[in-house]
Amino acid sequence: MEKLKPFYKLLIDSSSDGYAFFENGKLLFLSNAYMENLGYSDTGIDLAEILSRIHPNDSVFIQKEIEKGRREKIKIQKYRYRAKHKNGNYIWFEDSIKREFDEFGNEKRVMINSRNVDDLMNTQIHLETALEKNKLLFSELQHRVKNNLSMIASMLELETMNIEDEHIKSIVQNNYQRIRTMIFLYELLYKENEINEINIKSYFTKLISSQ
């Protein structure tokens, strides 16, 4: 690109990020990294080919983001998308767009910085999947703990019906009430999805009304 000073062009070409420059809607410069990140040599792919390799589920979103940026005169904008590598796999990119507008609000210049964020996105997806699995396991654990407590309480309640000794019966009933209290507390904590604090008024109101 003749309009770029040789020093700046050298810096851009040495970067692993892809860079594209537009002026009045015309592509003036496309760095080698744009193509190399998709597995092509600097002469093996052009802008049209790059756009055609964007994942179908992402291309509509990107188009809407670009239209929004132009319509709302957004000078700096970011979005992530997947593009098909030469090997057939889709990899994640993050594009940062910087726009300049003329005095009439028309898009004059656009610089796009495209960064390969595939490792970052795959790690994020892996962590989100693991977190979701942990949530399911934790939910199942909550359910089993509650069921076990309820079963123990029911067994103690039935046992009091067969005890004639009032002292022993009182001990069993006290243990039954303690377990019921634990069940109410357990339900309150996890129904409200807050295990760090508890609404003590709500807890005691529910506990008293159950007696």
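Okay, the pocket. The largest one in this predicted model has a volume of about 500 Å³. Twenty-four residues, that is 24 on the slide, line the largest pocket, and the closest to its centre are Phe-22, Leu-51, Ile-66, Tyr-79 and Ile-112. So you can put your cursor on those five and follow along.

Where does the lining come from? Strand S1, residues 18-23, helix H3, residues 47-52, and then H4, S3, S4 and S5 each supply at least two residues. The largest share is from H4, which gives five residues. As for chemistry, the lining of this pocket divides into 14 nonpolar, four polar and six charged residues.

Now, the sheet. We have five strands in an open sheet, and the order is S2-S1-S5-S4-S3, with antiparallel pairing. Which strands stand at the edges? Those are S2, at 26-30, and S3, at 76-84; each has a single partner strand, so one side of each is left without a neighbour in the sheet. From one strand to the next, the twist averages 25°.

Let me start with the S1 and S2 end. Four bridges join these two strands, running antiparallel, and Phe-22 stands opposite Leu-27 in S2. That's the Phe-22 we just met among the residues closest to the centre of the largest pocket. S1 and S2 form a hairpin with two residues between them, and if you look at the turn, Asn-24 has a positive phi of about 55°.

Moving along, S4, residues 90-101, and S5, residues 107-116, pair in the antiparallel sense over nine bridges. In that pair, Phe-93 stands opposite Asn-116 in S5.

Then the helices on the sheet. Helix H4, residues 56-71, packs on the sheet and touches S3, S4 and S5, its direction making about 160° with that of S3. Helix H5, residues 118-160, lies across S3, S4 and S5 too, running at about 120° to S4.

Next up, charges. Side chains of opposite charge can pair when their charged atoms come close. Here the count comes to seven salt bridges. One of them I'd like to show you: Glu-23 with Arg-109, where the closest N and O atoms are 2.8 Å apart. Why pick that pair? Glu-23 lies in strand S1 and Arg-109 in strand S5, so the pair ties together parts that are 86 residues apart in sequence.

Last thing, the enclosed space. How many cavities of 30 Å³ or more do we get? Just the one, and about 60 Å³ of space lies in it. Its lining is Gly-18, Ala-33, Tyr-34, Asn-37, Leu-38, Ile-50, Tyr-81, Ala-83, Phe-93 and Ser-114. Helix H2, at 32-36, and S3 each supply at least two of those residues. By class, the cavity lining has seven nonpolar and three polar residues, with no charged ones. Note Phe-93 on that list; that's the residue opposite Asn-116 from a minute ago.

So, to set the two spaces next to each other: six charged residues in the lining of the largest pocket, and no charged residues around the largest cavity. Okay, that's my tour.

Terms used
Residues are numbered from 1 along each chain as its sequence is written. This is a predicted model: local features need pLDDT of at least 70, side-chain atom pairs count only at pLDDT 80 or more; totals for chains, interfaces and linings use all residues. Side-chain values use heavy atoms; hydrogens and water are left out. Two strands pair if DSSP finds at least two bridges between them. Axes are lines fitted to C-alpha atoms, for helices over the stretch in contact, and angles run from 0 to 180 degrees between N-to-C directions. Contact means heavy atoms within 4.5 Å. On a 1 Å grid over the protein atoms alone, a cavity is a set of points where a 1.4 Å probe fits but cannot get out, and a pocket is an open set with protein on both sides within 12 Å along at least five of seven lines; lining residues have an atom within 4 Å of a point. Grid points are joined across faces, edges and corners, and a volume is the space filled by probe spheres set on the points. Ala, Val, Leu, Ile, Met, Phe, Trp, Tyr, Cys and Pro count as nonpolar, Asp, Glu, Lys and Arg as charged, and the others, Gly among them, as polar. A salt bridge is a side-chain nitrogen of Lys or Arg within 4 Å of a carboxyl oxygen of Asp or Glu.
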